[in-house]
Amino acid sequence: MTAAPAAELTARAHQASAEILADIHTLVHQETGSYDLPGLAAGLDLLRELTVQRLGPPDREQRHPGGECGDTLTLTYAGTGPGHVALVGHYDTVWPTGTLAGWQHPAPDEDGRAKLSGPGVFDMKTGLVQGVWAVKLARESSAPVPTVTFLFNGDEEIGSLSSRPVIEEVAQRVDATLVLEPSAGGAVKTARKGSGIFRVTATGIEAHAGLAPQDGASAITALSEFVVAAAAVAAPADGTTVNTGLIQGGSATNVVAGRATASLDIRVSSAAEQARVDDALDAIEVSDPRVRIEVDHAWNRPPMTLGAASAPLLDLARDVAREQGRTLSDASVGGASDANFVAALGLPVLCGMGAVGDGAHAQGEFIYPDTVPTQTALVAGVLGRLATPLHERPTAP
């Protein structure tokens with residue numbers, strides 16, 4: 001048997017469109033901010049419930065405790081053919097609990113094209129639902145499908161600190177990994193920047209701001225100098241960005257600050273830039289030598305490029321898209337994802353297999369509902385092709 005034709009899968013996805021969109025709506029209306037452990041737990045329970053409702057009980061299941069992060073859940077469904085594929089996606093969002101109540105819905109496009117909006121709908125709850133339905137459609141076809149392991153993690157937006165070992169372990173025992181992150185305007189993502197979340201701590205000397213300011217050494221002033229200098233380390237032409245997203249410090253307005261901290265988001269496109277940034281930040285000096293500056297170089301994700309292991313996976317996805325009657329392009333983007341971890345291991349991975357829309361991490365993020373069937377069928381079609389593992393496929397003469 002051969003894989004089910006992508007056109008057939010697309011037609012069946014269109015028939016199920018209302019149900020798919022209803023599942024997306026249900027998942028979005030359970031808020032799952034990265035720091036809300038009760039909300040994350042409820043969100044993961046709901047996601048598991050939706051998956052079991054559509055696919056039945058898994059053959060294997062494991063819930064990995066996340067500690068201070070959301071748990072990671074793996075669900076494995078045995079295939080009817082050879083091959084083993086991982087579908088990876090995060091259920092946490094950047095939006096704190098309570099955001100939904102005041103959510104501002106965007107207007108339709110000028111041509112009247114509808115949008116579906118809500119916190120996390122684009123990044124990335126639609127991708128999660130599409131992945132579940134893709135497996136459902138593939139399994140309901142007459143063609144063989146590979147074994148599928150879903151990996152749902154609740155800490156991607158804060159660095160996948162707890163889930164990274166699970167992601168790497170799963171990726172090493174499957175033939176290919178598809179990451180259900182949102183697409184880049186319909187394009188899959190084959191290159192991503194590496195990222196780091198650096199914490200900078202300034203330790204000064206406290207003193208009374210009115211009686212003896214000269215005795216103090218302001219950690220806030222020194223940290224301000226540091227972050228301005230750190231911003232100058234950025235090299236946008238080389239793909240390097242430096243953003244100070246959080247600053248905290250001081251104890252009272254009439255006290256010279258003895259301590260201040262900053263969190264920096266750093267993105268790089270190459271290992272060489274990573275090393276340059278490390279050296280440049282360590283070389284920054286502040287004007288008051290009494291203030292001690294400590295930089296925690298916390299590189300989180302390595303840069304991702306389209307390697308030899310992943311190129312055949314991209315070709316396969318393009319074949320499926322052509323059968324759907326469209327051209328599938330690929331893109332390099334500034335954001336990092338869990339695909340970076342898989343690519344760094346030299347394993348086959350394709351990212352951006354999820355939603356089509358815009359506005360990630362922005363008020364009014366949205367998807368285009370009319371693209372949901374096509375994207376769902378794309379994943380289903382790729383799964384069907386992967387019933388023959390990539391390394392066993394004949395190479396073109």
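**Close-up 1. Tyr77, Phe150 and Phe152 are joined into a cluster by ring pairs.** Welcome to the first view of this predicted model. The cluster of Tyr77, Phe150 and Phe152 belongs to a wider set of ring contacts, since a search of the whole structure turns up 5 aromatic pairs. Further aromatic pairs appear in the views below.

**Close-up 2. Phe198 and Trp299 meet as an edge-to-face pair.** Here the ring centres lie 5.0 Å apart and the planes stand at 80°, so the geometry counts as edge-to-face. The two partners come from distant parts of the chain, 101 residues apart: Phe198 belongs to strand β8 (residues 194-203), while Trp299 belongs to strand β12 (residues 299-301). Are these two residues buried or exposed? Phe198 and Trp299 are both buried.

**Close-up 3. Phe366 has an aromatic partner in Tyr368 and a charged group over its ring.** Phe366 and Tyr368 make an edge-to-face pair, with 5.1 Å from centre to centre and 80° between the planes. Phe366 has a relative accessible area of 10% and is therefore buried. Tyr368 is buried too, because its relative accessible area is 13%, and the cut-off for buried is under 20%. Look next at Lys115: its charged end sits over the ring of Phe366, 4.4 Å from the ring centre.

**Close-up 4. A small gallery entry shows Lys136 over the face of Trp133.** In this view, the distance from Lys136 to the ring centre of Trp133 is 5.6 Å.

**Close-up 5. Three strands make an open sheet in the order β4-β16-β15.** The pairing within this sheet is antiparallel. Strands β4 (116-117) and β15 (357-358) stand at the edges with a single partner strand each, so one side of each has no neighbour in the sheet. Between β15 and strand β16 (residues 366-367) there are 2 bridges, in the antiparallel sense. Which residue of β16 is the bridge partner of Asp358? That partner is Phe366, the residue whose ring lies beneath the charged end of Lys115.

**Close-up 6. Strand β3 (residues 84-90) is mostly covered.** Of its 7 residues, 7 are buried. In a regular strand, side chains alternate between the two faces of the sheet. In β3, both faces are covered: His84, Ala86, Val88 and His90 are buried on one side, and Val85, Leu87 and Gly89 are buried on the other. Two parallel partners can be picked out here. Strand β5 (residues 147-154) pairs with β3 over 7 bridges in the parallel sense, and one place to find this pairing is His90, whose bridge partner in β5 is Asn153. Strand β6 (residues 176-179) also pairs with β3 in the parallel sense, over 4 bridges. In β6, Val179 stands opposite Val88.

**Close-up 7. Helix α6 (residues 219-231) has a buried face.** For a quick geometry check, the 13 residues of α6 should span 18 Å at 1.5 Å a residue, and the end C-alpha atoms are indeed 18 Å apart. The buried residues of α6 include Ala219, Ala222, Leu223, Phe226, Val227 and Ala230. Viewed down the axis of α6, the buried residues occupy an arc of 135°, so they line one face of the helix. An α-helix has 3.6 residues a turn, so residues three or four places apart point the same way. What do the buried residues of α6 pack against? Their neighbours are β8, β9 (241-249), β10 (259-268), α7 (271-282) and β11 (292-296).

Notes:
Residues are numbered from 1 along each chain as its sequence is written. This is a predicted model: local features need pLDDT of at least 70, side-chain atom pairs count only at pLDDT 80 or more; totals for chains, interfaces and linings use all residues. Side-chain values use heavy atoms; hydrogens and water are left out. Two strands pair if DSSP finds at least two bridges between them. Buried means under 20% relative accessible area, exposed over 50%, partly exposed in between (1.4 Å probe, protein chains only). Rings of Phe, Tyr and Trp (its six-membered ring) pair if their centres lie within 6.5 Å; planes under 30 degrees apart count as stacked, over 60 as edge-to-face and the rest as tilted. A charge sits over a ring if NZ of Lys or CZ of Arg is within 6 Å of the ring centre and within 35 degrees of the ring normal. The expected span of a helix is 1.5 Å times one less than its number of residues. The arc is that of the directions from the helix axis to the C-beta atoms. Contact means heavy atoms within 4.5 Å.
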